[in-house]
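Q: Please take a close look at one part of this fold. Pick a strand, follow its pairings and side-chain contacts, and then place it in its surroundings.

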Amino acid sequence: MITLTDAAVSQIKDMMEAEEEQGLMLRVGVKGGGCSGLSYGMGFDTEQNEDDTKLDINGLTVLIDKESAPIVKDIVIDYKQNMMGGGFTIDNPNAIASCGCGSSFRTAAHAGTPEEC
């Protein structure tokens with residue numbers, strides 16, 4: 001359903017270790033907002049909801065909520081490091097438009113709730 005590069009998995013596992021909490025899982029989702037209507041969200045969670053999709057990617061448990069699942073289908077999450085620091089990147093083949101700053105997007109089937117920048 002989604003792909004996490006080795007660099008992304010490594011960075012996420014390092015971040016989980018720094019949290020010093022047992023049973024953390026990565027939650028990936030989408031919420032309304034941003035210039036184009038939808039924004040990504042990633043964070044840690046300790047509980048799986050009944051309607052979550054649960055994936056095991058290279059030893060990392062990933063949760064995706066039911067509403068986000070079709071929007072994040074086939075995304076690739078990567079982590080890139082450069083002289084200015086590092087950050088996660090998301091390549092979404094379903095996105096048909098994104099805002100100039102690159103923090104929001106929309107798909108053909110999901111326009112979200114655009115906001116002014």
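A: What follows is a close look at strand β2, then at the parts around it.

The ground rules come first. This is a predicted model, in which local features need pLDDT of at least 70, side-chain atom pairs count only at pLDDT 80 or more, and totals for chains, interfaces and linings use all residues. Residues are numbered from 1 along each chain as its sequence is written, and side-chain values use heavy atoms, with hydrogens and water left out.

Helices (DSSP runs of H or I, at least four residues) and strands (runs of E, at least two) are numbered from the N terminus. Strand β2 covers residues 25–32. Strand β2 pairs with strand β3 and with strand β5; pairing requires that DSSP finds at least two bridges between the strands.

Take β3 to begin with. Strand β3 spans residues 38–45 and runs antiparallel to β2, with 8 bridges joining the two. V30 has Y40 as its bridge partner in β3. G32 is matched with L38. The two strands form a hairpin with 5 residues between them. There, G33 adopts a positive phi near 135°.

Now the other neighbour. Strand β5 (residues 60–64) pairs with β2 in the parallel sense, over 3 bridges. Here R27 stands opposite L63. As a rule, side chains in a regular strand alternate between the two faces of the sheet.

How covered is β2? Of its 8 residues, 6 are buried (under 20% relative accessible area; exposed is over 50%, and partly exposed lies in between, with a 1.4 Å probe and protein chains only). R27 is one of the buried residues of the model, and so is D52.

Those two residues meet. D52 and R27 form a salt bridge, with their closest N and O atoms 2.7 Å apart. D52 sits in the loop between β3 and β4, while R27 is in strand β2, so the contact ties together parts 25 residues apart in sequence. A salt bridge here is a side-chain nitrogen of Lys or Arg within 4 Å of a carboxyl oxygen of Asp or Glu. By this rule the model has 4 salt bridges. Another of them links D78 and K80, at 3.0 Å between the closest N and O atoms. D78 is buried at 16% relative accessible area, whereas K80 is partly exposed at 48%. Shared partners join R27, D45 and D52 into one salt-bridge network.

Next, the nonpolar core. A core is a set of buried Ala, Val, Leu, Ile, Met, Phe, Trp, Tyr and Cys residues joined through side-chain atoms within 4.5 Å. The largest one has 23 residues, and I2, L4, L26, V62 and I64 touch the most other members. Elements giving two or more residues to this core are α1, β2, β4 (53–57), β5, α2 and β6. Helix α1 gives the most, with 4 residues.

The approach to β2 from α1 has a feature of its own. E20 lies in the loop between α1 and β2. E20 is not a glycine, yet its phi is positive, about 55°. With a relative accessible area of 72%, E20 counts as exposed.

A second such case is found further along. D74, also a residue other than glycine, has a positive phi near 70°. D74 belongs to the loop between α2 (69–72) and β6 (76–82). The side chain of D74 meets that of K73 in a salt bridge, at 3.3 Å from N to O. D74 is partly exposed at 42% relative accessibility, and K73 is partly exposed at 44%.

Last come the rings and the surface. Rings of Phe, Tyr and Trp (its six-membered ring) pair if their centres lie within 6.5 Å; planes under 30 degrees apart count as stacked, over 60 as edge-to-face, and the rest as tilted. That rule yields 1 aromatic pair. The ring centres of Y79 and F88 are 5.0 Å apart and their planes stand at 65°, so the pair is edge-to-face. Y79 is buried at 16% relative accessibility. F88 is partly exposed at 30%.

F88 also joins M15, M42 and F44 in a nonpolar surface patch, with about 290 Å² of accessible area together. M15 belongs to helix α1 (residues 6–19) and is partly exposed at 34% relative accessibility. Patches take residues with over 30% relative accessible area and no salt bridge, joining like charges within 9 Å and nonpolar side chains (Val, Leu, Ile, Met, Phe, Trp, Tyr) within 5 Å. Areas come from the Shrake-Rupley method with a 1.4 Å probe; for residues, only the protein chains shown count as cover.
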